[in-house]
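Hello,

Here is the structure I promised to pass on to you. Have a look at it first, and then read on for what turned up in it.

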Amino acid sequence: MRIYDCCDLIRELYAQIGSGDQAYVPQAITCALKSLNDIASDDSLPIAVREKAAFAAANLFISDFDDKV
């Protein structure tokens, strides 16, 4: 996936991070996993959304990521 394949909100934040207007997070995979966990555990969201987040997080954990946390 490329940045141009993402939604407007992601592309906007990408540009802000690139320009220095938004903070860069060096441990990006850990940041993504925390966000996906927040989504997956949010009972106010539809189960389909929560399951997508849980599936993505589980796949990231199975991959060989290492953010040196």
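Let me begin with one residue: does I17 count as buried, partly exposed or exposed? I17 counts as partly exposed, because its relative accessibility is 35%, a value that falls between the 20% and 50% cut-offs. Please keep in mind throughout that this is a predicted model.

I17 lies in helix 1, which covers residues 8-19. I17 also belongs to a nonpolar surface patch of about 410 Å², which it makes with L9, L13 and Y24.

Now for the overall picture. The chain has three helices and zero strands, so read from the N terminus its elements run α-α-α. The C-alpha trace spans about 35 × 30 × 20 Å along its principal axes. The chain has 69 residues, and 13% of them count as buried. Its accessible surface comes to about 5700 Å², with 60% of that belonging to carbon and sulfur atoms. If you take the contacts between residues at least 6 apart in sequence, 41% of them join residues at least 24 apart.

On to the charges. The chain carries 6 positive and 11 negative charges, and the mean positions of the two sets are 3 Å apart. Side chains of opposite charge can pair when their charged atoms come close. In this structure there are two salt bridges.

One of them joins the side chains of D8 and R11, at 2.4 Å from N to O. How are these two placed in helix 1? D8 and R11 are three residues apart there, so about one helical turn separates them. The two partners differ in how they count for accessibility: D8 is exposed, with a relative accessible area of 54%, while R11 counts as partly exposed at 31%.

The other salt bridge is between the side chains of D43 and R50, with an N to O distance of 3.3 Å. D43 is exposed, and its relative accessible area is 64%.

A few single residues may also be useful when you turn the model around on screen:

- C7 has its place in the segment before helix 1. At 43% relative accessibility, C7 counts as partly exposed. C7 and N59 are 52 residues apart in sequence, and their C-alpha atoms are 21 Å apart in space.
- Q22 sits in the loop between helix 1 and helix 2, the latter being residues 28-40. Q22 is partly exposed, with a relative accessible area of 35%. Leaving aside neighbours within four places in sequence, Q22 is in contact with L13, Q16 and I17. Two of these contacts, L13 and I17, are also named in the nonpolar patch described above.
- A53 is found in helix 3, residues 47-62. Is A53 buried or exposed? A53 is buried, because its relative accessible area is 5%, and buried means under 20%. Beyond its neighbours within four places in sequence, A53 is in contact with L36, I39 and A40. Residues 28-40 make up helix 2, so these contacts link helix 3 to helix 2. A53 and D21, by comparison, are 32 residues apart in sequence and 27 Å apart from C-alpha to C-alpha.

If you would like a place to start, I suggest the patch made by L9, L13, I17 and Y24, then the salt bridge between D8 and R11, and after that the contacts of A53 with L36, I39 and A40.

Happy browsing, and do write back with any questions.

Best wishes

Notes:
Residues are numbered from 1 along each chain as its sequence is written. This is a predicted model: local features need pLDDT of at least 70, side-chain atom pairs count only at pLDDT 80 or more; totals for chains, interfaces and linings use all residues. Side-chain values use heavy atoms; hydrogens and water are left out. Helices (H or I, at least four residues) and strands (E, at least two) are DSSP runs, numbered from the N terminus. Buried means under 20% relative accessible area, exposed over 50%, partly exposed in between (1.4 Å probe, protein chains only). Contact means heavy atoms within 4.5 Å. Accessible areas come from the Shrake-Rupley method with a 1.4 Å probe; for residues, only the protein chains shown count as cover. Lys and Arg count as positive and Asp and Glu as negative; His and the chain ends are not counted. The place of a charge is taken as NZ of Lys, CZ of Arg, CG of Asp or CD of Glu. Patches are made of residues with over 30% relative accessible area and no salt bridge: like charges are joined within 9 Å, nonpolar side chains (Val, Leu, Ile, Met, Phe, Trp, Tyr) within 5 Å. A salt bridge is a side-chain nitrogen of Lys or Arg within 4 Å of a carboxyl oxygen of Asp or Glu.
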